[in-house]
Amino acid sequence: MIIGLTGGIASGKSLCSDWFAARAIAVVDADVVARTVVHTGSPVLGEIATAFGEDVLQADGSLNRALLRARAFVDEESRARLNAIMQPRIRERLLQELDGAVQQPYCILSVPLLLENGLDRLCDAVLAVDVSVQTQLSRGSRRDRQQRDAIAAIIAAQIPRAERLRRSHFIVDNEGSSAQTYLQLALLHQRFLAWNGIVAPMRAHSI
């Protein structure tokens, strides 16, 4: 069984996927895959430099992610250009990792653009991590050290919050403390295990 995990930028997907991984649930993470496909010297990195300027590469040849985000999210054409380069490679790698993942009792497919790129079709259920746009702006600017308008541009490029929630089977509210989020995840974990006829004591998943 595959549970698709998604959410807007700075919503807390990593917090949630780390929680599942700590409980020996296999996690296939698109963010990790995306970093892998643009490793220094990779053909994908060369295509990105050609499309967005050689200066998106740092002195050591690695990708300047902040600069690329600033250029790729200025308009729809730029986003489409980056997606055309990145998404086929990411999708291919994700499918490879899903094939190799242990899907019992279930596995997590963590993808920021799960719904936008149609990857929810690979999933048995979709779990959205949700916070307000204001929280995204605040957390995102602190975490990535970007200007709020840069974070706002990324939010605008993603699926609207209301549509994400409408298309999700389960929603985790990450506005509060980590402990509050973990409690919601523990309850969902029990539910996913129950789908597979597995019963685990709640104390085994305490925060």
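Is Ala 10 buried or exposed? Ala 10 is buried, because its relative accessibility is 7% (buried means under 20% relative accessible area, exposed over 50%, partly exposed in between, with a 1.4 Å probe and protein chains only). The views below come from a predicted model, in which local features need pLDDT of at least 70, side-chain atom pairs count only at pLDDT 80 or more, and totals for chains, interfaces and linings use all residues. Residues are numbered from 1 along each chain as its sequence is written, and side-chain values use heavy atoms, with hydrogens and water left out.

**View 1. Two alanines with positive phi, Ala 10 and Ala 24.** Ala 10 has phi near 60°, a positive value in a residue other than glycine. Ala 10 sits in the loop between strand 1 (2-6) and helix 1 (13-21). Helices (H or I, at least four residues) and strands (E, at least two) are DSSP runs, numbered from the N terminus. For Ala 24, phi is about 65°, again positive, and Ala 24 is not a glycine. The loop between helix 1 and strand 2 (26-29) holds Ala 24. Ala 10 is buried, whereas Ala 24 is exposed, with a relative accessible area of 71%.

**View 2. The interface of domain 1 and domain 2.** Domain 1 covers 1-26 + 106-198, and domain 2 covers 42-103. These bounds come from an automatic or database domain assignment. The C-alpha centres of the two domains lie 21 Å apart. The contact (heavy atoms within 4.5 Å) takes 16 residues from domain 1 and 11 residues from domain 2. The size of an interface is often given as the accessible area lost when the parts come together. Here the buried area is about 1,200 Å², and carbon and sulfur atoms give 65% of that area. Buried area is the accessible area (1.4 Å probe) that two parts lose on being put together, summed over both.

**View 3. The domain 1 side of the interface, with strand 3 and helix 7.** Across the interface, 1 residue pair is in polar contact, with both residues at pLDDT 80 or more. A polar contact is a pair of N or O atoms within 3.5 Å; within protein, one must be able to donate a hydrogen and the other to accept it, and residues adjacent in sequence count only if both atoms are side-chain atoms. Strand 3 (107-110) and helix 7 (148-157) are the elements that give two or more residues to the side of domain 1 that touches domain 2. Helix 7 gives the most, with 3 residues. The residues on this side divide into 13 nonpolar, 2 polar and 1 charged. Ala, Val, Leu, Ile, Met, Phe, Trp, Tyr, Cys and Pro count as nonpolar, Asp, Glu, Lys and Arg as charged, and the others, Gly among them, as polar.

**View 4. Ile 155 and Gln 158, with their contacts.** Ile 155 lies in helix 7. Ile 155 is buried, with a relative accessible area of 16%. Beyond neighbours within four places in sequence, Ile 155 is in contact with Ile 9, Val 133, Gln 136 and Leu 137. Ile 155 and Val 133 are 22 residues apart in sequence, and their C-alpha atoms are 7.9 Å apart in space. Gln 158 is in the loop between helix 7 and helix 8 (161-166). Gln 158 counts as buried, at 11% relative accessibility. The Gln 158 side chain reaches the backbone nitrogen of Ile 9 at 3.1 Å. Not counting residues up to four places away in sequence, Gln 158 touches Gly 8, Ile 9, Leu 113, Glu 116, Gln 136 and Arg 164.

**View 5. Salt bridges of Arg 89 with Glu 47 and Arg 71 with Asp 55.** Side chains of opposite charge can pair when their charged atoms come close. The count comes to 7 salt bridges (a side-chain nitrogen of Lys or Arg within 4 Å of a carboxyl oxygen of Asp or Glu). In one of them, Arg 89 and Glu 47 meet at 2.4 Å, N to O. Arg 89 is in helix 5 (residues 76-100) and Glu 47 in helix 3 (residues 43-52), 42 residues apart. Arg 89 is partly exposed at 28% relative accessibility, and Glu 47 is partly exposed at 32%. Arg 71 pairs with Asp 55, the closest N and O atoms being 2.6 Å apart.
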